[in-house]
Amino acid sequence: MEHQRKTQLKQAWAWRKQDLIFSDLQKQDSLLEALGFPEPSVMPRIVSFVGGGGKTTSMYHLAYELAWQGFRVLVTTSTHIQYPEEGAVAVVCHVSELCGAEGDEARMLTAGALEETCDESGNPVRKLVMPEGLGEPEAMKQLLERFDVILIEADGAKHRPVKVPGEQEPVLIPQTGLVIACVGLSAVGQSFGESCFRFGTKGAWLRRSVEDLVEPEDLALILMDERGSRKQLDGRYYRIILNQADRPEDLELAKQVIAALPVTLQPLCAVTSYQEERKLKFHARLRVYYEERNFGPGVAELMELVRQQGSLAAACKEMGMAYSKAWKMMKKAEEDLGITLMEGSRGGGKGGKTELTQEGEAFLDRYLAFKAEAEQELARIFEKYFKEQKADHDERID
């Protein structure tokens with residue numbers, strides 16, 4: 001979920017004592033209260049969001065609540081965030097550029113350096129990335145003279161509900177006083193390969209395979225462990241947000257996650273459910289085949305990674321896919337198309353040198369170009385017929 005989808009907090013809960021013995025989830029009036037800061041002035045002034053699903057949504061909603069109460073709030077990133085379509089935005093190379101403005105100021109400002117790229121279909125994408133000076137003592141002193149609270153997205157998860165951090169993650173500036181870890185409850189019941197970002201390369205300590213299904217206890221382990229969401233905590237205040245509690249059964253899952261945490265961490269948990277403005281969308285699945293629908297986005301992504309990394313095993317790790325499954329996918333696609341897409345040694349679990357054939361390179365390039373052109377044309381036709389219903393379309397075709 002992203003800021004520009006106009007998400008609103010539907011309900012928040014906090015883990016609170018019912019009596020001297022029992023605790024349970026209790027409804028709260030705001031995210032601030034659910035996080036244990038009914039009086040925002042006692043909350044640390046620099047807050048970093050880490051982990052998986054719901055970071056951006058949680059960060060912006062916390063900013064809204066603080067701004068509504070009269071606090072001056074800066075939203076920024078130590079990695080990157082999508083360029084917001086709403087609200088006041090400042091594009092700056094260095095944070096010092098934010099400190100000289102006087103007069104009529106927005107209560108809530110999103111700021112960062114601008115990065116302009118293209119997605120896989122060639123469509124322009126704008127992001128805000130970490131501005132220079134963020135974390136430098138003198139620059140932070142000046143920022144805190146202008147802003148009451150600074151909220152920082154300090155991690156990325158590629159829209160996955162849960163994440164294990166890489167070597168240089170999260171990116172916490174030294175002045176961070178509070179770390180808020182986010183996970184999406186939708187991960188429960190999904191495979192680690194599907195739901196957990198960086199699991200294939202950094203998740204061995206969880207002692208699970210890419211095909212294992214995520215259990216509530218697994219989320220608890222990631223949230224409590226210093227190799228997980230508490231990495232680099234170093235004595236900072238810590239809070240947990242369990243997002244996507246949209247159904248009664250999700251609340252039960254949240255309770256199971258919290259119950260699996262150490263008792264010292266349980267009172268630090270908030271549970272949230274958001275609702276977003278409904279937009280009509282379309283979703284198309286694009287496959288190329290003779291008889292069996294075996295060549296599509298999954299095989300294409302696998303081939304792109306093999307082309308980049310020269311290894312089927314490395315491509316499987318990046319996608320969170322079992323090697324045997326990837327091998328079967330490729331062979332089925334080759335059988336239907338009647339061409340060899342890849343060649344090289346299979347290499348077992350350790351992998352070997354794998355390359356795309358000339359035919360494979362050419363076929364992949366034609367497929368990607370076809371997919372990009374089809375996406376643009378379908379978006380145009382969709383807009384033609386559904387414009388009056390505030391239509392939106394998925395960013396890519398499967």
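**Strands, helices and cores in a predicted model**

In strand β9, isoleucine 150 stands opposite leucine 74. I begin with that pair, and I should say at once that the model before you is a predicted one.

Leucine 74 brings in a neighbouring strand. Strand β4, residues 73-77, pairs with β9 in the parallel sense, over 5 bridges. Strand β3, residues 46-51, also pairs with β9 in the parallel sense, over 4 bridges. Two residue pairs illustrate the pairing with β3: isoleucine 46 stands opposite isoleucine 150 in β9, and serine 48 has isoleucine 152 of β9 as its bridge partner. Isoleucine 150 therefore stands opposite leucine 74 as well as isoleucine 46, each pair being assigned from the strand bridges.

Is strand β9 enclosed or open to the outside? Strand β9 covers residues 149-153, and 5 of its 5 residues are buried, so the strand is largely enclosed by the rest of the structure. As a general point, side chains in a regular strand alternate between the two faces of the sheet. In β9, Val149, Leu151 and Glu153 point one way, Ile150 and Ile152 point the other way, and all are buried. Please note that a glutamate, Glu153, is among these buried residues.

Strand β3 can be described in similar terms. Of its 6 residues, 6 are buried, so β3 too is largely enclosed by the rest of the structure. Ile46, Ser48 and Val50 lie on one side, Val47, Phe49 and Gly51 lie on the other, and both faces are covered. Beyond β9, strand β3 pairs with strand β11, residues 178-184, in the parallel sense over 5 bridges. There, valine 47 stands opposite leucine 178.

I turn now to the nonpolar cores. The largest has 56 residues, and the members that touch the most others are Leu98, Leu143, Leu223, Tyr238, Leu242 and Val271. Which helix supplies the largest share of this core? It is helix α7, residues 248-259, with 5 residues. A second, separate core has 32 residues, including Leu31, Leu128, Val149 and Cys182. Val149 is also one of the buried residues of β9.

Leucine 143 merits a closer look. Apart from its neighbours within four places in sequence, leucine 143 is in contact with Leu74, Val95, Leu98, Cys99, Leu134 and Ile150. Both members of our opening pair, leucine 74 and isoleucine 150, are thus among the contacts of leucine 143, as heavy atoms within 4.5 Å.

Next, helix α7 itself. Its 12 residues should span 16 Å at 1.5 Å a residue, and the end C-alpha atoms are 17 Å apart, which agrees. Its buried residues are Asp250, Leu251, Leu253, Ala254, Val257 and Ile258. Why do we place them on the same side of α7? Because they cover an arc of only 155° around the axis. Pro248 and Ala259, on the other side of α7, are exposed. The buried residues pack against β1, β2, α6, β13 and β14.

In the loop between α7 and β14 we find glutamine 266. Is glutamine 266 buried or exposed? Its relative accessibility is 12%, so glutamine 266 counts as buried. Its side chain reaches the backbone oxygen of isoleucine 258 at 3.2 Å. Not counting residues up to four places away in sequence, glutamine 266 touches Trp15, Ile258, Ala259 and Leu261.

Glutamate 211 offers a contrast. This residue lies in the loop between α5 and α6. With a relative accessible area of 52%, glutamate 211 is exposed. Glutamate 211 is 110 residues from methionine 321 in sequence, yet their C-alpha atoms are 7.6 Å apart. Its contacts, leaving aside neighbours within four places in sequence, are Ser191 and Ala322.

I close with helix α8, residues 297-309. It has 13 residues and reaches 18 Å from its first C-alpha to its last, close to the 18 Å expected at 1.5 Å a residue. Val299, Ala300, Leu302, Met303, Leu305 and Val306 are its buried residues, and they pack against α9, α10, β15, β16 and α11. After α8 comes glycine 310, whose phi is positive, near 70°. Thank you for your attention.

How values were computed:
Residues are numbered from 1 along each chain as its sequence is written. This is a predicted model: local features need pLDDT of at least 70, side-chain atom pairs count only at pLDDT 80 or more; totals for chains, interfaces and linings use all residues. Side-chain values use heavy atoms; hydrogens and water are left out. A nonpolar core is a set of buried Ala, Val, Leu, Ile, Met, Phe, Trp, Tyr and Cys residues joined through side-chain atoms within 4.5 Å. Buried means under 20% relative accessible area, exposed over 50%, partly exposed in between (1.4 Å probe, protein chains only). A polar contact is a pair of N or O atoms within 3.5 Å; within protein, one must be able to donate a hydrogen and the other to accept it, and residues adjacent in sequence count only if both atoms are side-chain atoms. The expected span of a helix is 1.5 Å times one less than its number of residues. The arc is that of the directions from the helix axis to the C-beta atoms.
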